[in-house]
Amino acid sequence: MSVKEPPSAPTALQEFVTNLKAAPRRIAETAVRSGTPDTDRTRSTFIFGNVFLHLHAVRTHRWTLRWAATLGLGIASVAAFLLTLITGVLLMFYYKPYTDVAYQSIKDIHFVVPTGRLIRNIHRWAANVMVVTVILHMARAFYTAAYRKPREFNWLIGMGLLVVTLGLSFTGYLLPWDQLAYWAITIGANIAQSPREVTDALGLTDVFDPGGLQKLLLLGSDAVGAEALIRFYLLHVMILPLALAALLSVHFWRVRKDGGLAKPADVDQRLGTPTVPTYPVFTMAPNKTYQLAAIVRGRTPAVGRGPENTVPSMPHLFYAELGVFMLTVLVCVALSVWSDAPLKELANPLVPENPAKAPWYFLGLQELVAFSAFAGGIVVPSIVLIGLGLIPYLDRSDVGTGLWCGGPGGWPLVRRSIAVGLGIALAVEAFIIRFGWLREWIPGIPQLVITVVNPGTVITLLYGAWSVWMVRRFSSARAGALALFTCFLCGFVVLTIIGTYFRGPNWGFYWSPADWPKH
Amino acid sequence: MTHEPNAIPSRLDPERVPRRDLLGLTALWTAAGTLFFSVVGMMRIPKAAVLSSPSKKFRVALPDTLAPGVAYVPPGRSVALFKDEKGVHAISTICTHLGCIVRPETAGFECPCHGSRYDAAGVVTKGPAPKSLPWLKVVNAGGQFTVDEGATVPPGTKVSA
């Protein structure tokens with residue numbers, strides 16, 4: 001007669017098996033610590049419990065989530081950057097930065113490596129998309145007056161990102177070592193050397209030669225060659241991406257610390273009553289307090305008012321970001337399937353391309369450089385960059401922050417500035433195409449005169465005059481900034497289009513490439 | 001802020017003895033100085049002391065049939081050589097604007113990049129070029145000529161053939 005014994009404690013072996021079976025589930029649980037994000041609390045922990053997501057605020061303002069607030073341009077830029085990063089690493093498997101094999105390795109990537117052509121195309125298209133979205137993102141921040149206090153410094157960081165983005169694109173241009181690359185970089189390096197235009201005229205070059213130094217640092221030699229290729233490669237795959245990553249981190253962090261996106265002061269009235277039930281703020285608040293320092297600074301989104309007009313970032317913000325991301329990927333891949341990245345003949349230092357054109361976003365500058373390398377390639381861009389950087393420190397008002405074309409003047413001023421900007425650029429271009437410039441009229445004219453008086457400086461001066469007039473008319477720095485920014489954007493578009501589509505051999509004007517002379 | 005001789009210093013008062021400041025400031029300025037000079041030193045690396053470009057001097061034999069006013073461009077060089085009754089001279093074909101290679105045309109040179117034009121003596125006649133094309137040093141080496149792309153001579157200098 002046996003009595004059934006009470007169930008004994010599991011043996012060590014049984015416990016081991018149970019734990020082994022549970023291991024996958026536990027790994028998943030410990031990796032994502034908060035569980036399924038289905039309540040407001042778990043949606044919060046989903047974000048701040050994850051190192052990759054915690055840069056986001058737990059809740060996002062409804063104003064920020066409207067398409068018209070940002071058009072998703074910042075996220076699109078990041079998406080394009082990630083695409084170039086991934087495809088760039090893949091290209092590095094085969095690319096060789098030496099003058100005797102670089103061209104051949106690109107050819108291999110294009111014609112031999114499996115999917116190599118698609119990867120290269122995506123890399124090239126994503127780089128172009130990134131340049132476009134970065135410029136448009138800057139325009140969005142400008143037109144919604146988002147650069148104002150407390151976001152002044154982030155505007156400067158953004159300008160740094162623009163410069164690094166253009167630098168990445170420019171350095172990548174040399175790597176295929178074809179004719180396009182060689183002559184674009186030769187022109188670029190000589191623009192870097194163009195301060196000599198002034199030092200030569202003043203007879204200073206022997207003692208003070210910043211232009212020569214810039215070219216020497218860029219090329220490591222006096223012509224584009226092996227040294228230049230390895231330098232551009234180093235800049236392209238290491239130095240500039242690291243700089244971009246560092247600036248990008250600061251940029252994101254500041255967006256968060258400066259209180260999210262810029263919003264109008266009366267944002268709650270503008271949005272009206274939330275359609276979803278309001279959030280029970282103080283009973284089920286996420287189990288995280290804002291840092292004391294942040295509260296003292298008074299810049300976090302929820303300080304000083306209830307988060308009634310906010311929604312959980314998971315899912316609302318993340319799904320929007322994911323949507324923009326996927327759209328950017330779709331655009332880049334579609335463009336890559338539709339059009340191949342160019343690859344011309346092997347670089348030949350003795351025969352320049354005719355016409356030799358820089359990347360498209362520099363063709364506006366090349367249009368100006370066709371009169372004075374120093375004025376068009378260095379002075380005007382420097383004026384534009386310094387002017388852009390000063391905007392947040394000159395416009396100190398807070399009228400119209402967060403609204404498109406906000407501030408004195410508004411949309412009517414922007415509309416008129418578009419007309420003025422396009423008009424001046426087209427008129428000056430039409431004039432020089434029809435009548436030429438100083439040297440055609442006075443053959444012996446000193447170069448220094450042309451360096452000071454040329455289409456680039458004339459356009460800049462006229463834009464500046466229009467802007468000053470608007471400052472006085474509206475007695476507002478914002479009105480002047482709206483006028484000037486709009487004008488320069490229009491000038492950039494006009495010059496870029498003329499440089500891209502209407503310039504042919506010897507930089508002559510042609511209505512169509514079909515009219516180019518045969519040679 | 002004044003201090004009573006025997007007052008117990010409050011924690012909020014500034015520290016009266018700056019000895020720690022000395023150590024702290026020494027550390028700070030040493031670090032700042034080291035950073036500055038190491039950055040300057042690192043900047044020195046990319047400024048090449050010796051250029052890797054091939055020798056700028058080369059020797060060339062002019063074809064006997066070279067007519068006056070017609071350019072002879074030695075293969076692989078950006079130099080145009082001319083021969084007339086007064087002698088031989090060499091003009092650089094690197095555009096002074098942005099470094100493209102100019103084409104010798106009848107009675108001058110033309111740049112394909114931005115439309116600069118030069119006359120037969122290399123003087124700018126049109127376009128954005130800021131300077132004339134330099135004349136290069138030529139030495140008669142007994143039937144052949146040595147051209148130095150790194151040395152310029154005043155325009156008009158010719159070497160007897």
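Is Asp258(A) buried or exposed? Asp258(A) counts as buried, because its relative accessibility is 2%. The views below come from a predicted model.

**View 1. Asp258(A) pairs with Arg254(A) in a salt bridge.** The N-to-O distance between the two side chains is 3.4 Å. Asp258(A) is a buried partner in this pair, because 2% relative accessibility lies under the 20% cut-off. Side chains of opposite charge can pair when their charged atoms come close. Over all chains, the structure holds 18 salt bridges.

**View 2. Chain A is built from 22 helices and two strands.** The C-alpha trace of chain A spans about 125 × 60 × 50 Å along its principal axes. Chain A has 519 residues, and 47% of them count as buried. Take the contacts in chain A between residues at least 6 apart in sequence: 77% of them join residues at least 24 apart.

**View 3. Helix 17 of chain A bends at Val379(A).** This helix covers residues 373–394, 22 residues in total. From first C-alpha to last it reaches 30 Å, close to the expected 32 Å. The bend is about 25°. A proline, Pro381(A), follows within four residues of Val379(A). Buried residues in helix 17 include Phe374(A), Ile378(A), Val380(A), Leu388(A) and Pro392(A).

**View 4. Chain A meets chain B over a buried area of about 2,400 Å².** Carbon and sulfur atoms give 58% of that area. Leu350(A), Arg439(A) and Asn506(A) supply 23% of the area that chain A buries against chain B, more than any other three residues. The contact takes 33 residues from chain A and 30 from chain B.

**View 5. Asp200(A) reaches across to Lys131(B) in a salt bridge.** The closest N and O atoms are 2.9 Å apart. Two salt bridges are counted between chain A and chain B. Eleven residue pairs are in polar contact across the interface. Elements that give two or more residues to the chain A side include helix 10 (196–202) and helix 12 (226–257). Helix 9 of chain A gives the largest share, five residues.

**View 6. A network of salt bridges links Arg103(B), Glu105(B), Glu110(B) and Arg117(B).** Glu110(B) meets Arg103(B) at 3.5 Å, N to O. Glu110(B) also meets Arg117(B), at 3.0 Å. Glu110(B) counts as buried, because its relative accessibility is 14%. Arg103(B), at 32%, counts as partly exposed. Arg117(B), at 34%, is likewise partly exposed.

Conventions:
Residues numbered from 1 in each chain as written. Chains lettered and ligands numbered in written order. Predicted model: local features only at pLDDT ≥ 70, side-chain atom pairs only at ≥ 80, totals over all residues. Heavy atoms only, no water. Expected span 1.5 Å × (residues − 1). Bend = angle between axes of the 7 residues up to and from the residue. Buried < 20%, exposed > 50% of the residue type's maximum accessible area, 1.4 Å probe, protein only. Contact = heavy atoms within 4.5 Å. Buried area = accessible area lost by both parts, 1.4 Å probe. Salt bridge = Lys/Arg side-chain N within 4 Å of Asp/Glu carboxyl O. Polar contact = N/O pair within 3.5 Å; in protein donor to acceptor, adjacent residues only side chain to side chain.
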